Amino acid sequence: MKKHHYLLGLLAPILLTAACRKIPNTDELKSNLVVATNKAPGIQYNSYKTYFISDTIAYLDDTSTDSILVGSTADQIIDAVKNNMSRYGYTLVGRNQNPDVGLALAITKNVNVETYYAGWWDYYPGYWDPWYWYYPSYYPYYYPFTAVYTYTTGSLILNMIDLKNAVAEEKLTVIWNMAGIGAVGSSVSGNTQAGIDAINQGFSQSSYLKTN
Amino acid sequence: MKTLKIACLALLPTLFAAQTTKAQEFKNVLLGSWNIGLPMNSDYLTKTSFAGFRVDYRRFIKPNLSVGFSTGWQSFEQYFDTQSYNSSDGNTTVTTDMYRIVYNVPFMVNAHYYFDAGKYVKPYAGFGIGCMYSEQTAYFNIYELDDNGMGFAIRPEIGALINISDQFIGNVGFNYQFATNKSDFFNINSLSELDIQIGVGFRF
(Lines give C-alpha, C1' and ligand atoms only; values in the text may rest on other atoms or scores of the structure.)
Protein backbone atom coordinates (compact mmCIF):
# COMPACT_ATOMS: atom_id res chain seq x y z
CA MET A 1 0.00 0.00 0.00
CA LYS A 2 2.81 2.32 0.95
CA LYS A 3 4.44 1.52 -2.38
CA HIS A 4 1.42 2.87 -4.18
CA HIS A 5 1.58 6.11 -2.24
CA TYR A 6 5.17 6.54 -3.34
CA LEU A 7 4.15 5.79 -6.90
CA LEU A 8 1.43 8.41 -6.80
CA GLY A 9 3.72 10.89 -5.09
CA LEU A 10 6.20 10.44 -7.91
CA LEU A 11 3.69 10.50 -10.72
CA ALA A 12 1.63 13.49 -9.62
CA PRO A 13 4.36 16.15 -9.94
CA ILE A 14 5.55 14.67 -13.22
CA LEU A 15 2.05 14.73 -14.66
CA LEU A 16 1.32 18.22 -13.42
CA THR A 17 4.63 19.62 -14.63
CA ALA A 18 4.22 18.06 -18.03
CA ALA A 19 0.69 19.30 -18.28
CA CYS A 20 1.00 22.92 -17.17
CA ARG A 21 0.31 25.61 -19.69
CA LYS A 22 3.56 26.54 -21.33
CA ILE A 23 4.73 30.06 -21.95
CA PRO A 24 5.82 30.15 -25.58
CA ASN A 25 9.52 30.49 -26.12
CA THR A 26 9.36 33.57 -28.31
CA ASP A 27 13.16 33.75 -28.29
CA GLU A 28 12.95 31.44 -31.25
CA LEU A 29 11.20 34.14 -33.26
CA LYS A 30 13.43 35.86 -35.76
CA SER A 31 14.39 39.48 -35.26
CA ASN A 32 13.44 40.33 -38.85
CA LEU A 33 10.99 43.16 -39.17
CA VAL A 34 7.42 42.16 -39.94
CA VAL A 35 6.81 43.30 -43.50
CA ALA A 36 3.35 44.48 -44.51
CA THR A 37 2.42 45.78 -47.95
CA ASN A 38 -0.80 47.31 -49.22
CA LYS A 39 -1.84 47.97 -52.76
CA ALA A 40 -4.59 50.23 -53.96
CA PRO A 41 -7.40 48.34 -55.66
CA GLY A 42 -7.83 48.82 -59.37
CA ILE A 43 -4.42 50.34 -60.07
CA GLN A 44 -2.59 49.32 -63.24
CA TYR A 45 0.97 49.55 -62.04
CA ASN A 46 2.37 48.97 -65.49
CA SER A 47 1.02 52.38 -66.51
CA TYR A 48 3.73 53.99 -64.35
CA LYS A 49 7.24 53.97 -65.73
CA THR A 50 9.30 56.65 -63.99
CA TYR A 51 9.87 57.54 -60.37
CA PHE A 52 11.63 59.96 -58.13
CA ILE A 53 13.00 59.31 -54.67
CA SER A 54 14.63 61.88 -52.46
CA ASP A 55 18.09 61.29 -50.99
CA THR A 56 16.61 62.16 -47.63
CA ILE A 57 14.56 59.97 -45.29
CA ALA A 58 11.99 61.40 -42.95
CA TYR A 59 12.90 60.47 -39.40
CA LEU A 60 10.86 60.53 -36.26
CA ASP A 61 12.40 59.76 -32.89
CA ASP A 62 11.09 60.73 -29.49
CA THR A 63 14.60 61.34 -28.17
CA SER A 64 15.85 63.56 -30.95
CA THR A 65 14.79 66.71 -32.73
CA ASP A 66 16.06 65.43 -36.04
CA SER A 67 13.42 65.16 -38.68
CA ILE A 68 15.52 63.85 -41.52
CA LEU A 69 18.06 61.10 -41.96
CA VAL A 70 20.99 61.65 -44.32
CA GLY A 71 24.41 60.16 -44.93
CA SER A 72 25.56 56.61 -45.53
CA THR A 73 22.75 55.02 -43.53
CA ALA A 74 20.14 56.82 -45.58
CA ASP A 75 22.04 56.09 -48.79
CA GLN A 76 22.07 52.35 -48.16
CA ILE A 77 18.34 52.26 -47.54
CA ILE A 78 17.54 54.47 -50.52
CA ASP A 79 19.82 52.39 -52.75
CA ALA A 80 17.88 49.29 -51.74
CA VAL A 81 14.69 50.97 -52.93
CA LYS A 82 16.35 52.09 -56.17
CA ASN A 83 17.66 48.59 -56.88
CA ASN A 84 14.24 47.08 -56.44
CA MET A 85 12.55 49.77 -58.54
CA SER A 86 15.11 49.19 -61.28
CA ARG A 87 14.56 45.43 -61.04
CA TYR A 88 10.84 46.01 -61.62
CA GLY A 89 11.48 48.17 -64.67
CA TYR A 90 11.09 51.72 -63.33
CA THR A 91 13.37 54.53 -64.42
CA LEU A 92 14.70 57.06 -61.94
CA VAL A 93 14.19 60.65 -63.08
CA GLY A 94 14.67 64.06 -61.50
CA ARG A 95 11.99 65.69 -59.45
CA ASN A 96 11.29 68.27 -62.15
CA GLN A 97 11.10 65.68 -64.95
CA ASN A 98 7.49 64.75 -64.21
CA PRO A 99 7.99 61.38 -62.51
CA ASP A 100 4.97 59.07 -62.65
CA VAL A 101 5.34 58.08 -59.02
CA GLY A 102 7.20 59.48 -56.05
CA LEU A 103 8.63 57.35 -53.30
CA ALA A 104 8.73 58.66 -49.76
CA LEU A 105 10.70 56.88 -47.07
CA ALA A 106 10.14 57.40 -43.39
CA ILE A 107 11.64 55.84 -40.31
CA THR A 108 10.24 56.02 -36.81
CA LYS A 109 11.97 54.91 -33.66
CA ASN A 110 10.70 54.70 -30.10
CA VAL A 111 7.48 56.39 -31.12
CA ASN A 112 4.00 55.27 -30.27
CA VAL A 113 1.79 55.84 -33.23
CA GLU A 114 -1.19 53.61 -32.87
CA THR A 115 -3.00 54.29 -36.07
CA TYR A 116 -1.64 55.00 -39.45
CA TYR A 117 -3.96 56.96 -41.62
CA ALA A 118 -3.79 59.35 -44.49
CA GLY A 119 -1.12 61.92 -43.92
CA TRP A 120 -0.78 61.52 -40.19
CA TRP A 121 2.60 63.11 -40.44
CA ASP A 122 0.98 66.28 -41.78
CA TYR A 123 0.04 67.04 -38.25
CA TYR A 124 3.19 65.84 -36.57
CA PRO A 125 5.39 68.82 -35.66
CA GLY A 126 8.70 68.85 -37.46
CA TYR A 127 7.88 66.01 -39.78
CA TRP A 128 9.60 66.43 -43.08
CA ASP A 129 7.32 66.16 -46.06
CA PRO A 130 9.08 65.48 -49.35
CA TRP A 131 6.26 66.92 -51.46
CA TYR A 132 5.43 69.99 -49.48
CA TRP A 133 7.65 72.32 -51.49
CA TYR A 134 6.97 70.74 -54.82
CA TYR A 135 3.21 71.05 -54.70
CA PRO A 136 2.50 74.59 -53.53
CA SER A 137 -1.21 73.93 -53.57
CA TYR A 138 -0.51 71.21 -51.03
CA TYR A 139 -2.75 68.42 -52.09
CA PRO A 140 -3.86 66.14 -49.29
CA TYR A 141 -2.60 62.60 -49.06
CA TYR A 142 -5.14 59.93 -49.81
CA TYR A 143 -4.95 56.26 -48.84
CA PRO A 144 -7.33 54.04 -50.80
CA PHE A 145 -6.72 51.18 -48.34
CA THR A 146 -6.89 50.73 -44.61
CA ALA A 147 -3.55 50.41 -42.90
CA VAL A 148 -3.51 50.25 -39.15
CA TYR A 149 -0.30 49.44 -37.36
CA THR A 150 1.09 49.96 -33.92
CA TYR A 151 4.58 51.31 -33.88
CA THR A 152 6.07 50.82 -30.49
CA THR A 153 9.72 50.49 -31.30
CA GLY A 154 10.77 50.99 -34.87
CA SER A 155 9.37 51.09 -38.33
CA LEU A 156 10.36 51.81 -41.87
CA ILE A 157 7.61 53.09 -44.10
CA LEU A 158 7.79 53.40 -47.85
CA ASN A 159 4.94 55.06 -49.71
CA MET A 160 4.51 55.10 -53.46
CA ILE A 161 2.57 58.19 -54.42
CA ASP A 162 0.79 58.76 -57.70
CA LEU A 163 2.23 61.98 -59.15
CA LYS A 164 1.09 61.27 -62.68
CA ASN A 165 -2.54 61.94 -61.76
CA ALA A 166 -1.96 64.24 -58.79
CA VAL A 167 -2.93 67.44 -60.57
CA ALA A 168 -5.99 65.96 -62.23
CA GLU A 169 -7.19 64.35 -59.01
CA GLU A 170 -5.94 67.14 -56.76
CA LYS A 171 -4.64 64.67 -54.25
CA LEU A 172 -1.53 62.63 -53.62
CA THR A 173 -2.87 59.12 -53.77
CA VAL A 174 -0.72 56.49 -52.10
CA ILE A 175 -0.97 53.61 -54.52
CA TRP A 176 1.37 51.25 -52.68
CA ASN A 177 2.66 51.18 -49.18
CA MET A 178 5.20 49.07 -47.36
CA ALA A 179 5.93 48.97 -43.66
CA GLY A 180 8.65 47.07 -41.87
CA ILE A 181 7.76 47.06 -38.21
CA GLY A 182 9.15 45.51 -35.07
CA ALA A 183 11.83 45.67 -32.45
CA VAL A 184 15.00 47.50 -33.34
CA GLY A 185 18.37 47.20 -31.64
CA SER A 186 21.03 49.70 -30.72
CA SER A 187 23.31 48.84 -33.63
CA VAL A 188 22.92 51.27 -36.51
CA SER A 189 24.36 48.80 -39.01
CA GLY A 190 22.08 46.05 -37.70
CA ASN A 191 19.02 48.27 -37.94
CA THR A 192 20.02 49.47 -41.40
CA GLN A 193 20.38 45.90 -42.61
CA ALA A 194 16.99 45.04 -41.08
CA GLY A 195 15.51 47.97 -43.01
CA ILE A 196 17.15 46.86 -46.26
CA ASP A 197 15.91 43.29 -45.74
CA ALA A 198 12.41 44.64 -45.13
CA ILE A 199 12.52 46.69 -48.34
CA ASN A 200 13.69 43.70 -50.36
CA GLN A 201 10.95 41.55 -48.84
CA GLY A 202 8.34 44.26 -49.44
CA PHE A 203 9.16 44.36 -53.15
CA SER A 204 9.43 40.59 -53.42
CA GLN A 205 5.90 40.13 -52.10
CA SER A 206 4.59 42.87 -54.44
CA SER A 207 5.48 41.53 -57.86
CA TYR A 208 2.37 43.28 -59.24
CA LEU A 209 4.47 46.46 -59.21
CA LYS A 210 6.37 45.30 -62.25
CA THR A 211 6.09 47.65 -65.19
CA ASN A 212 6.01 44.86 -67.76
CA MET B 1 -5.67 -34.46 -5.84
CA LYS B 2 -8.27 -34.64 -8.59
CA THR B 3 -10.95 -33.81 -6.04
CA LEU B 4 -8.96 -30.80 -4.92
CA LYS B 5 -8.66 -29.54 -8.50
CA ILE B 6 -12.39 -29.93 -9.06
CA ALA B 7 -13.04 -28.11 -5.80
CA CYS B 8 -10.73 -25.30 -6.84
CA LEU B 9 -12.42 -25.01 -10.23
CA ALA B 10 -15.78 -24.97 -8.54
CA LEU B 11 -14.61 -22.20 -6.26
CA LEU B 12 -13.23 -20.00 -9.05
CA PRO B 13 -16.54 -18.41 -10.04
CA THR B 14 -17.18 -17.68 -6.38
CA LEU B 15 -13.75 -16.04 -6.08
CA PHE B 16 -14.33 -13.92 -9.18
CA ALA B 17 -17.75 -13.00 -7.91
CA ALA B 18 -16.24 -11.95 -4.61
CA GLN B 19 -13.59 -9.85 -6.38
CA THR B 20 -16.18 -8.31 -8.67
CA THR B 21 -18.32 -7.43 -5.70
CA LYS B 22 -15.34 -5.88 -3.98
CA ALA B 23 -14.42 -3.89 -7.10
CA GLN B 24 -17.92 -2.54 -7.34
CA GLU B 25 -18.11 -1.37 -3.77
CA PHE B 26 -16.80 2.09 -4.54
CA LYS B 27 -19.23 4.64 -5.88
CA ASN B 28 -16.94 7.49 -6.86
CA VAL B 29 -13.78 7.86 -8.88
CA LEU B 30 -11.62 10.96 -9.14
CA LEU B 31 -8.97 10.89 -11.86
CA GLY B 32 -6.14 13.17 -12.85
CA SER B 33 -4.66 12.45 -16.24
CA TRP B 34 -1.87 13.75 -18.40
CA ASN B 35 -3.47 14.62 -21.71
CA ILE B 36 -1.66 14.37 -25.02
CA GLY B 37 -3.49 16.17 -27.82
CA LEU B 38 -3.20 15.71 -31.57
CA PRO B 39 -4.81 18.70 -33.32
CA MET B 40 -7.04 17.90 -36.25
CA ASN B 41 -7.38 21.51 -37.50
CA SER B 42 -4.45 21.36 -39.86
CA ASP B 43 -5.08 24.87 -41.19
CA TYR B 44 -4.02 26.56 -37.99
CA LEU B 45 -1.55 24.18 -36.38
CA THR B 46 -0.62 20.52 -36.55
CA LYS B 47 1.90 19.84 -33.81
CA THR B 48 1.07 17.30 -31.10
CA SER B 49 0.75 18.85 -27.66
CA PHE B 50 2.12 17.15 -24.57
CA ALA B 51 0.98 20.05 -22.37
CA GLY B 52 -2.44 19.01 -21.20
CA PHE B 53 -4.20 17.85 -18.08
CA ARG B 54 -7.65 16.47 -17.40
CA VAL B 55 -9.62 15.94 -14.20
CA ASP B 56 -12.54 13.48 -14.16
CA TYR B 57 -15.13 12.79 -11.54
CA ARG B 58 -17.25 9.69 -12.12
CA ARG B 59 -20.18 8.55 -10.00
CA PHE B 60 -21.29 4.94 -10.42
CA ILE B 61 -25.06 4.78 -10.66
CA LYS B 62 -24.91 1.11 -11.65
CA PRO B 63 -22.04 -1.37 -11.35
CA ASN B 64 -21.23 -0.89 -15.01
CA LEU B 65 -22.40 2.69 -15.56
CA SER B 66 -21.09 5.99 -14.30
CA VAL B 67 -21.98 9.62 -14.87
CA GLY B 68 -19.85 12.58 -14.01
CA PHE B 69 -18.02 15.63 -15.26
CA SER B 70 -14.58 16.55 -16.41
CA THR B 71 -12.49 19.57 -17.14
CA GLY B 72 -8.88 20.26 -17.96
CA TRP B 73 -6.71 22.17 -20.37
CA GLN B 74 -4.63 21.62 -23.44
CA SER B 75 -2.01 24.01 -24.73
CA PHE B 76 -1.02 23.60 -28.37
CA GLU B 77 1.86 25.57 -29.80
CA GLN B 78 3.75 25.54 -33.05
CA TYR B 79 6.41 27.68 -34.65
CA PHE B 80 5.90 28.68 -38.29
CA ASP B 81 8.88 29.85 -40.27
CA THR B 82 8.71 33.07 -42.27
CA GLN B 83 5.94 33.12 -44.86
CA SER B 84 3.58 35.59 -46.49
CA TYR B 85 -0.08 35.88 -45.57
CA ASN B 86 -2.59 37.57 -47.88
CA SER B 87 -5.76 39.34 -46.82
CA SER B 88 -9.02 38.01 -48.23
CA ASP B 89 -9.29 40.95 -50.66
CA GLY B 90 -5.74 40.28 -51.86
CA ASN B 91 -4.62 43.87 -51.28
CA THR B 92 -2.59 43.34 -48.13
CA THR B 93 0.32 40.97 -47.63
CA VAL B 94 2.15 40.43 -44.37
CA THR B 95 5.38 38.47 -44.09
CA THR B 96 6.66 37.17 -40.79
CA ASP B 97 7.50 34.10 -38.80
CA MET B 98 5.23 33.36 -35.87
CA TYR B 99 4.22 31.21 -32.96
CA ARG B 100 0.66 30.02 -32.95
CA ILE B 101 -0.96 28.95 -29.73
CA VAL B 102 -4.29 27.31 -29.04
CA TYR B 103 -5.31 26.93 -25.40
CA ASN B 104 -8.44 24.88 -24.77
CA VAL B 105 -10.44 24.39 -21.58
CA PRO B 106 -13.38 21.98 -22.01
CA PHE B 107 -16.17 21.49 -19.46
CA MET B 108 -18.05 18.25 -20.06
CA VAL B 109 -20.67 16.03 -18.47
CA ASN B 110 -19.93 12.39 -19.21
CA ALA B 111 -21.44 8.94 -19.12
CA HIS B 112 -19.29 5.80 -19.20
CA TYR B 113 -20.26 2.18 -19.68
CA TYR B 114 -17.87 -0.46 -18.27
CA PHE B 115 -17.21 -3.93 -19.58
CA ASP B 116 -16.29 -6.86 -17.38
CA ALA B 117 -12.74 -7.91 -18.10
CA GLY B 118 -11.43 -9.39 -14.92
CA LYS B 119 -9.87 -8.23 -11.74
CA TYR B 120 -7.33 -5.69 -12.92
CA VAL B 121 -8.78 -3.94 -15.91
CA LYS B 122 -12.13 -2.27 -16.45
CA PRO B 123 -12.51 -1.19 -20.07
CA TYR B 124 -15.02 1.52 -20.78
CA ALA B 125 -16.68 3.44 -23.56
CA GLY B 126 -18.06 6.88 -22.87
CA PHE B 127 -19.50 10.02 -24.27
CA GLY B 128 -19.12 13.61 -23.11
CA ILE B 129 -21.09 16.69 -24.00
CA GLY B 130 -20.53 20.27 -22.90
CA CYS B 131 -18.72 23.41 -23.88
CA MET B 132 -15.17 24.54 -24.48
CA TYR B 133 -13.39 27.84 -23.94
CA SER B 134 -10.58 28.39 -26.43
CA GLU B 135 -7.92 31.05 -26.89
CA GLN B 136 -5.98 31.41 -30.11
CA THR B 137 -2.88 33.57 -30.14
CA ALA B 138 -0.25 34.41 -32.72
CA TYR B 139 3.06 35.90 -31.59
CA PHE B 140 5.34 37.57 -34.12
CA ASN B 141 8.28 39.90 -33.57
CA ILE B 142 7.15 41.84 -30.50
CA TYR B 143 3.48 41.70 -31.41
CA GLU B 144 0.61 39.50 -30.41
CA LEU B 145 -2.79 38.85 -31.95
CA ASP B 146 -5.42 36.92 -30.06
CA ASP B 147 -8.99 35.77 -30.17
CA ASN B 148 -11.10 33.66 -27.84
CA GLY B 149 -14.57 32.24 -27.45
CA MET B 150 -16.83 29.46 -26.23
CA GLY B 151 -18.14 26.57 -28.28
CA PHE B 152 -20.35 23.53 -27.97
CA ALA B 153 -18.28 20.34 -27.54
CA ILE B 154 -18.74 16.58 -27.77
CA ARG B 155 -16.29 13.83 -26.91
CA PRO B 156 -16.67 10.10 -27.59
CA GLU B 157 -14.03 8.07 -25.83
CA ILE B 158 -12.76 4.63 -24.90
CA GLY B 159 -10.31 3.53 -22.26
CA ALA B 160 -9.70 1.37 -19.25
CA LEU B 161 -9.48 1.81 -15.51
CA ILE B 162 -6.68 -0.24 -13.98
CA ASN B 163 -6.73 -1.52 -10.43
CA ILE B 164 -3.66 -0.45 -8.49
CA SER B 165 -4.97 -1.03 -4.99
CA ASP B 166 -8.18 -0.84 -2.99
CA GLN B 167 -8.03 2.94 -3.15
CA PHE B 168 -5.99 3.81 -6.18
CA ILE B 169 -6.57 3.23 -9.85
CA GLY B 170 -4.90 4.05 -13.10
CA ASN B 171 -6.53 5.28 -16.28
CA VAL B 172 -5.66 4.99 -19.93
CA GLY B 173 -8.01 6.69 -22.33
CA PHE B 174 -8.37 7.76 -25.92
CA ASN B 175 -10.91 10.22 -27.25
CA TYR B 176 -11.95 12.38 -30.16
CA GLN B 177 -13.12 15.87 -29.25
CA PHE B 178 -15.01 18.24 -31.49
CA ALA B 179 -15.90 21.81 -30.53
CA THR B 180 -17.74 24.46 -32.52
CA ASN B 181 -15.36 27.28 -31.52
CA LYS B 182 -14.87 29.70 -34.37
CA SER B 183 -12.45 32.50 -35.07
CA ASP B 184 -13.00 34.64 -38.12
CA PHE B 185 -9.75 36.38 -37.36
CA PHE B 186 -7.71 33.19 -37.63
CA ASN B 187 -10.07 31.55 -40.11
CA ILE B 188 -10.97 28.73 -37.72
CA ASN B 189 -14.40 27.12 -38.17
CA SER B 190 -14.14 24.45 -35.48
CA LEU B 191 -11.57 22.85 -33.19
CA SER B 192 -11.09 19.12 -33.07
CA GLU B 193 -8.43 16.91 -31.60
CA LEU B 194 -7.54 13.34 -30.71
CA ASP B 195 -6.43 12.88 -27.11
CA ILE B 196 -4.60 10.24 -25.16
CA GLN B 197 -4.85 10.21 -21.36
CA ILE B 198 -2.56 8.52 -18.90
CA GLY B 199 -3.62 9.11 -15.35
CA VAL B 200 -4.02 8.03 -11.80
CA GLY B 201 -6.76 8.56 -9.29
CA PHE B 202 -8.55 7.25 -6.29
CA ARG B 203 -11.94 5.78 -5.56
CA PHE B 204 -14.14 6.32 -2.57
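**Notes on the two-chain model: cores, helices and strands**

1. Let's start in the middle. In the largest nonpolar core, which has 50 residues, the members that touch the most others are I57(A), V81(A), L103(A), L105(A) and L158(A). A nonpolar core here is a set of buried Ala, Val, Leu, Ile, Met, Phe, Trp, Tyr and Cys residues joined through C-beta atoms within 7 Å. Buried means that 20 or more other C-beta atoms lie within 10 Å of a residue's own, exposed means 12 or fewer, and partly exposed is in between, with C-beta atoms placed from the backbone. Strand β9(A) is the top contributor to this core, giving seven residues. There is also a second, separate core of nine residues, and V102(B), M108(B), A179(B) and L191(B) are among them.

2. Some housekeeping before going on. This is a predicted model, in which local features need pLDDT of at least 70 and side-chain atom pairs count only at pLDDT 80 or more, while totals for chains, interfaces and linings use all residues. Residues are numbered from 1 along each chain as its sequence is written, with chains lettered from A and ligands numbered from 1 in the order in which they are written.

3. Which residues does L105(A) contact, leaving aside its neighbours within four places in sequence? The partners are I57(A), A58(A), I77(A), I78(A), V81(A) and L158(A). Contact means that the C-beta atoms of two residues, placed from the backbone, lie within 7 Å.

4. Two of those partners, I77(A) and I78(A), sit in helix α2(A), where they are buried along with A80(A), V81(A) and M85(A). Helices (H or I, at least four residues) and strands (E, at least two) are DSSP runs, numbered from the N terminus. Looking down the axis of α2(A), the buried residues fall within an arc of 145 degrees, so they line one face of the helix; the arc is that of the directions from the helix axis to the C-beta atoms. On the face turned away from the buried side you'll find the exposed residues S72(A) and S86(A). The helix has 16 residues and reaches 22 Å from first C-alpha to last, close to the 22 Å expected at 1.5 Å a residue. That expected span is 1.5 Å times one less than the number of residues. Just after α2(A) comes G89(A), with a positive phi of about 95 degrees.

5. Helix α4(A) (residues 188-204) passes the length check as well: its 17 residues should span 24 Å at 1.5 Å a residue, and the end C-alpha atoms are 24 Å apart, which agrees. Its buried residues are A194(A), G195(A), A198(A), I199(A), Q201(A), G202(A) and F203(A). What covers them? The cover includes β1 (34-39), α2 (72-87), β8 (154-162) and β9 (172-182) of chain A, together with β4 (92-114) of chain B.

6. Now over to chain B, which has one helix and eight strands in the order α-β-β-β-β-β-β-β-β along the sequence. Buried residues make up 34% of its 204 residues. Of the chain B contacts between residues at least 6 apart in sequence, 58% join residues at least 24 apart.

7. Strand β1(B) (residues 28-39) deserves a look: nine of its twelve residues are buried, so it is largely enclosed by the rest of the structure. It runs antiparallel to β2(B) (residues 52-62), joined by seven bridges; strands count as paired if DSSP finds at least two bridges between them. Within that pairing, W34(B) is matched with F53(B) and S33(B) with R54(B). β1(B) also pairs in the antiparallel sense with β8(B) (residues 191-203), over eleven bridges, and there I36(B) stands opposite I196(B).

8. Continuing from β2(B), the next antiparallel pairing is with β3(B) (residues 65-86), over ten bridges. V55(B) faces T71(B) here, and the two strands make a hairpin with two residues between them.

9. Finally, two backbone angles to look at. Most residues other than glycine have a negative phi. N98(A) has a positive phi near 55 degrees; it lies in the loop between β5 (91-92) and β6 (101-109) of chain A and is exposed, with 11 other C-beta atoms within 10 Å. N187(B) has a positive phi near 60 degrees, in the loop between β7 (168-179) and β8 of chain B. N187(B) is exposed, with 10 other C-beta atoms within 10 Å.
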